[in-house]
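Thanks for asking me to look this one over. Here are my notes, written for someone opening the structure for the first time.

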Amino acid sequence: MVELHFLEQKVKIDKGELISYTVEDYECIHQKGSPGWRNSDTEMFPIIGPVNTANYKVQTLRGEAKQDQHGLLRELSYEFVSQENQIVIFEKTYKANTKIFNSKYPAKSTQELLSWPYDFSFCKRFEITKEGLKVSFTIEGEEGMPFMLGYHPAFKLNSKKTVINSDEKSITLDEIKEAGSNAYPVQNCEGIVLNDEKEVHIKTVGFNHFMLWTEVDNMLCIEPITFYPYAVSQNNLAEGFQFLGKKPKEFSVLIAVK
């Protein structure tokens, strides 16, 4: 367990997973064991979305890759890299074509092993500043590697009157529930405000879209994404790929309580 403290902010991180962010004792993050979801945050990479009707296959320039919903990154373990002052860094690395056991198999998936035909490293960085908690991601890998990225944090809800505001549009919890497993899309947007007992502002760099998901009243997943996967069929999921260049790709999410 790693903890960061700055002013009235406190962060707890367990093996690279954000499990608590409090500001003046106000808890932002969904707590494990509470109804809704068994995690508190994770990442979706190198794909976002389901692939079961496509026989768990995603097309790349190096042939078909075997993936399950939201990719294989979540099946890898973070390694602690460093901690200094209000910054802590974790990393995951993957060697091309390494077969990874799918934790959803066999209860929730028929695909036992997952793989990806490219090497990559994935760095996750937490930093508390006076503006709030910044979560940054750096992706390095082979030039031309296709990928999508989604950050999947779950926020604790304390009010039944919770509303999401984005570009002057208000979205209710009931509307998000009605979207079901496809999640509620908020596209071409870099910032969202969660109006709960306090305002939680989520600002992003590099993602450009969000999707919102919940099945309960006490939790809401507000997920910055590079691509909304339910706009295409699972066989055409590759339409949402970006591609690595010679330089690493960087993305960030700032969470601020006001």
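**Notes on the model**

1. Let me start with a pair worth finding on screen: Lys-124 and Asp-41 form a salt bridge through their side chains, with N and O 2.8 Å apart. Lys-124 belongs to strand 12 (residues 120-129) and Asp-41 to strand 5, so this pair ties together parts of the chain that are 83 residues apart in sequence. Both Lys-124 and Asp-41 are buried. Please keep in mind that this is a predicted model.

2. The pair also has company. Glu-43 joins Asp-41 and Lys-124 in a network of salt bridges. Across the structure there are 10 salt bridges.

3. Another salt bridge to look at is the one between Lys-32 and Glu-17, where the closest N and O atoms are 2.7 Å apart. It links distant parts of the chain: Glu-17 sits in strand 3 (residues 17-23), while Lys-32 sits in the loop between strand 4 (26-27) and strand 5, and the two are 15 residues apart. Are these partners buried or exposed? Lys-32 has 42% relative accessibility and counts as partly exposed, whereas Glu-17, at 12%, counts as buried.

4. Lys-57 and Glu-64 give a further example, their side chains meeting in a salt bridge with an N to O distance of 3.5 Å. Here Lys-57 is partly exposed, with 31% relative accessibility. Glu-64 has 51% relative accessibility, and because the exposed class begins over 50%, it counts as exposed.

5. Next comes a charged residue without such a partner. Glu-223, in strand 22 (residues 219-225), is buried yet has no salt bridge. Which side chain of opposite charge is nearest to Glu-223? That is Arg-74, 7.1 Å away; a salt bridge would need the nitrogen within 4 Å of a carboxyl oxygen, so Glu-223 and Arg-74 do not make one. Setting aside neighbours within four places in sequence, the contacts of Glu-223 include Met-44, Tyr-151, Pro-153, Phe-210, Met-211 and Trp-213, as well as the histidines His-152 and His-209.

6. Ile-48 is a good place to see how parts of the chain come together. This residue lies in the loop between strand 5 (41-44) and strand 6 (57-60), and it is buried, with a relative accessible area of 0%. Beyond its neighbours within four places in sequence, Ile-48 touches a set of residues that includes His-70, Met-148, Leu-149, Met-211, Phe-227, Pro-229 and Leu-237. Ile-225 is also one of its contacts; the C-alpha atoms of Ile-48 and Ile-225 are separated by 8.2 Å, although their positions lie 177 residues apart along the chain.

7. Do check the backbone in the loop that holds Ile-48. The peptide bond from Phe-45 to Pro-46 is cis, with omega near 0°, and Pro-46 is in the loop between strand 5 and strand 6. A cis peptide bond also joins Tyr-105 to Pro-106, again with omega about 0°. Pro-106 is found in the loop between strand 10 (100-101) and strand 11 (113-114).

8. Two residues have a positive phi without being glycine. For Glu-24, phi is about 50°; this residue is in the loop between strand 3 and strand 4 and is partly exposed, with a relative accessible area of 49%. For His-70, phi is about 65°. His-70 sits in the loop between strand 7 (63-66) and strand 8 (79-84) and is buried, with a relative accessible area of 8%. His-70 is also among the contacts of Ile-48.

9. Finally, the overall picture. The chain has 1 helix and 24 strands. Its radius of gyration is 18 Å, close to the 18 Å that the globule rule gives for 258 residues, so the chain is as compact as a globular protein of that length. The C-alpha trace spans about 50 × 45 × 35 Å along its principal axes, and buried residues make up 53% of the chain. Among contacts between residues at least 6 apart in sequence, 63% join residues at least 24 apart.

How values were computed:
Residues are numbered from 1 along each chain as its sequence is written. This is a predicted model: local features need pLDDT of at least 70, side-chain atom pairs count only at pLDDT 80 or more; totals for chains, interfaces and linings use all residues. Side-chain values use heavy atoms; hydrogens and water are left out. Helices (H or I, at least four residues) and strands (E, at least two) are DSSP runs, numbered from the N terminus. Buried means under 20% relative accessible area, exposed over 50%, partly exposed in between (1.4 Å probe, protein chains only). Contact means heavy atoms within 4.5 Å. Lys and Arg count as positive and Asp and Glu as negative; His and the chain ends are not counted. The radius of gyration is taken over C-alpha atoms; the globule rule is 2.2 Å times the number of residues to the power 0.38.
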